[in-house]
Amino acid sequence: MKKNYNVINLGNLNADLANRSRIELGDKIGLTGCEVSVNYIAPGQYIPFLHSHELNEEVYIILKGNGIFIVDGEKFPVQEGSVVRVAPSGHRSIGSEREELVYLCIQAQSDSLTQATWNDGIRQGGEQSDWRLG
Ligand code: ZN
């Protein structure tokens, strides 16, 4: 029977990511409805181009550091805790400032979501004591 989950470990989100700069999780964990990437930008660096998408909206979630985001010529600061949603046609880029920047980018087809969270979740059985490891 096929497992209903996949697990990986990305290692240290600063040191290990610094050597790779971007890890796309879709193939690694079998995503089918969205793509998630974990991204690292060294201090003072930036993505040297703008891009948009045909179908996908993106959500950028800043996990560490601070930087500058640009969408359609509008620049604004982002830092740990910032969450930015960009529509497919938005021309976007991101760069770090004084600190390295670590962020997640989640992309999914715009207008494809028909339900979420409480409207999609189905409560199942199981006792909390069953959840402990070992
Ligand atoms: Zn993109």
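Select Ile-68 and Gly-95 to begin: Ile-68 stands opposite Gly-95 in E7. The strands concerned are E4 and E7, which run antiparallel and are joined by five bridges. Strands here are DSSP runs of E with at least two residues, helices are runs of H or I with at least four, and both are numbered from the N terminus. Two strands count as paired if DSSP finds at least two bridges between them. The model is predicted, so local features need pLDDT of at least 70 and side-chain atom pairs count only at pLDDT 80 or more, whereas totals for chains, interfaces and linings use all residues. Residues are numbered from 1 along each chain as its sequence is written, and side-chain values use heavy atoms, with hydrogens and water left out.

**The three-stranded sheet**

Extend the selection to E5, E4 and E7, which form an open sheet in that order with antiparallel pairing. Strand E5 (74-79) and strand E7 (92-96) are at the edges; each has a single partner strand, so one side of each lacks a neighbour in the sheet. From one strand to the next the twist averages 25 degrees; axes are lines fitted to C-alpha atoms, for helices over the stretch in contact, and angles run from 0 to 180 degrees between N-to-C directions.

Next, pick Glu-74, which lies in strand E5. Is Glu-74 buried or exposed? Glu-74 counts as exposed because its relative accessibility is 56%. The classes are buried under 20% relative accessible area, exposed over 50% and partly exposed in between, with a 1.4 Å probe and protein chains only. A distance monitor from Glu-74 to His-91, C-alpha to C-alpha, should read 9.8 Å, for a separation of 17 residues in sequence.

**The five-stranded sheet**

Now select E1, E2, E8, E3 and E6, which form an open sheet of five strands in the order E1-E2-E8-E3-E6 with antiparallel pairing. Strand E1 (22-24) and E6 take the edges with a single partner strand each, so one side of each is left without a neighbour in the sheet. Direction ignored, neighbouring strands of this sheet are turned by 15 degrees against each other on average.

The sheet can be followed pair by pair:

- E1 and E2 pair over three bridges in the antiparallel sense; the bridge partner of Arg-22 in E2 is Asn-39.
- E2 and E8 pair over seven bridges, also in the antiparallel sense; Val-38 has Leu-104 in E8 as its bridge partner.
- E3 and E6 pair over four bridges in the antiparallel sense; Ile-61 stands opposite Val-83 in E6.

Colour strand E2 (residues 35-41) by accessibility: six of its seven residues are buried, and the strand is mostly covered.

**The nonpolar cores**

Show side chains for the largest nonpolar core, which has 12 residues, including Ile-41, Tyr-60, Phe-69, Val-84, Ile-94 and Tyr-103. Such a core is a set of buried Ala, Val, Leu, Ile, Met, Phe, Trp, Tyr and Cys residues joined through side-chain atoms within 4.5 Å. Strand E3 (56-64), strand E4 (66-71), strand E6 (83-86) and strand E8 (101-109) each give two or more residues to this core. E8 gives the most, with three residues. Apart from this core lies another of seven residues, among them Ile-23, Val-36, Tyr-40 and Val-102.

Centre on Ile-41 next. Leaving aside residues up to four places away in sequence, Ile-41 touches Tyr-46, Ile-47, Ile-94, Gly-95, Ser-96, Glu-100, Leu-101 and Tyr-103; contact means heavy atoms within 4.5 Å.

**The zinc site**

Select the zinc ion with His-51, His-53 and Glu-58. Which atoms coordinate the zinc ion? The ion is coordinated by NE2 of His-51, NE2 of His-53 and two OE atoms of Glu-58, at 2.0 to 2.8 Å. Donors are N, O and S atoms within 2.8 Å of the metal (3.2 Å for Na, K and Ca); water is not among the atoms, so sites may look incomplete. Along the chain, the donors follow the spacing H-x1-H-x4-E. The angles among the four donor atoms span 51 to 143 degrees, and the site is irregular. Four donors count as tetrahedral if all angles lie between 85 and 135 degrees; four count as square planar and six as octahedral if opposite donors are over 155 degrees apart and all others between 65 and 115; anything else is irregular. His-51 is partly exposed at 25% relative accessibility, and His-53 is partly exposed at 21%.

**The whole chain**

Finally, zoom out to the full chain, with its two helices and eight strands. Of its 134 residues, 28% count as buried. The C-alpha atoms fill a box of roughly 50 × 35 × 25 Å along the principal axes.
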